[in-house]
Amino acid sequence: VLLPSVRTAEEIIYNKNYTHEYLSQDGLASFNEASRNLLFGADHQILNENRVYSIQAISGTGSLRLALDFIKQEFPNTTVYIPSVTWGNHPAMVDAVGLKQAQYSYLDKFGTGLDFASMLSDISAAPEGAVILLHAIAHNPTGVDPTNEEWDRLCVVMKEKKHLPFFDNAYQGFISGDPNTDAYAVRSFAAAGMEMIVCCSFAKNFCLYGERVGCVHTVVSDVSFVDNVGSQMRSLSRVLWSTCPAWGARVVSTVLNDASLNAAWLKDVRVMADRIADIRVALHAKLNEMNIKSSTGTWDHIKKQRGMFSFTGLSKEAVLKLKDRHIYMLSSGRVS
């Protein structure tokens, strides 16, 4: 559904006769700025105060790895707290850079909803100054997110404990259909004066999976720290990938910085987000129509969860039985 916009962007890029030289170590400046504005909103206080350093990275995975290398270098004795259920690359990358890690509670006893009380308790109990990895929107792999009110409570606790929020932001715009709505957690933490690191991917919301387009945004408390962060990030990225590929970043930059293309992209994102939500509603209705029992007593969690994935609550035994009927999912009961 995004192809018409991308095709137009290609024409614009070729017409501008872009050079094929390497990008700078920071990446494509217009892309970094567009990514920053999309994430925080162009009029956010921290942007007006120039308290964000942005560097292009290799999609979500590269963004996270660069950020973890930075954390390892600057805070070698810290512990990274990750959700008890999370994307498999998260714990693997924390191990790869040699940082200590611990878990905080996430899912409820049914495995289909958020145990916010336990999550809040664990993060509150973490030693002061810990790094807390958070899914900004559409938790992968469960689709279970805190509410805006719960994000606000987490922010208060994390600010009191001087924790460093470390956001994985892979689906902005793809959930509600509005990138501003999907940025609630990041923007509210920034407005509260928190220093943080946010890793962004454009694989899903721009359908640029193979182009590996990502960006790392580091929010600091004082503008004088920006240059220091930048020099270290550039040094670390140099030995990871030398310089980033240019093509996908130019597509994103062109679309976000052109009013008509941006409007078309926003429409496309809304179509995709609505489609995913409609499929959830249809699945929920069909399961109820067929009178299929849920482990929780209801299938309402299918509609409450958000994004591309869902934890159904089905047991391994149930998953194996469904396989006999050529219905396939992971043994955890997770479906796409």
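These legends describe close-up views of a predicted model.

**View 1. Seven strands build an open sheet.** The strand order is 1-7-6-5-4-2-3. The pairing is mixed. Strands of a sheet pair through backbone hydrogen bonds, either parallel or antiparallel. Strand 1 (52–58) and strand 3 (100–104) stand at the edges. Each has a single partner strand, so one side of each is left without a neighbour in the sheet. On average, neighbouring strands are turned by 20° against each other, direction ignored.

**View 2. Strand 2 pairs with strand 3.** Strand 2 covers residues 79–83. The two strands pair in the parallel sense, over five bridges. Look for valine 80: its bridge partner in strand 3 is glutamine 101.

**View 3. Helix 5 packs on the sheet.** This helix spans residues 89–97. Helix 5 touches strand 2, strand 3, strand 4 (131–135) and strand 5 (164–169). Its direction makes about 155° with that of strand 3.

**View 4. Helix 7 lies across strand 4 and strand 5.** Helix 7 runs at about 170° to strand 4.

**View 5. Helix 7 crosses helix 9.** Helix 7 covers residues 148–160, and helix 9 covers residues 184–191. Their axes come within 10 Å and cross at roughly 35°. The crossing is right-handed. Helix 7 contributes Asn148, Trp151, Asp152, Leu154, Cys155 and Met158 to the contact. Helix 9 brings Tyr184, Ala185, Ser188 and Phe189. How do these contact residues divide by type? Seven are nonpolar, two are polar and one is charged.

Terms used: Residues are numbered from 1 along each chain as its sequence is written. This is a predicted model: local features need pLDDT of at least 70, side-chain atom pairs count only at pLDDT 80 or more; totals for chains, interfaces and linings use all residues. Side-chain values use heavy atoms; hydrogens and water are left out. Axes are lines fitted to C-alpha atoms, for helices over the stretch in contact, and angles run from 0 to 180 degrees between N-to-C directions. Helices (H or I, at least four residues) and strands (E, at least two) are DSSP runs, numbered from the N terminus. A crossing is left-handed if the near helix is turned anticlockwise from the far one by less than a right angle, and right-handed if clockwise. Contact means heavy atoms within 4.5 Å. Ala, Val, Leu, Ile, Met, Phe, Trp, Tyr, Cys and Pro count as nonpolar, Asp, Glu, Lys and Arg as charged, and the others, Gly among them, as polar. Two strands pair if DSSP finds at least two bridges between them.
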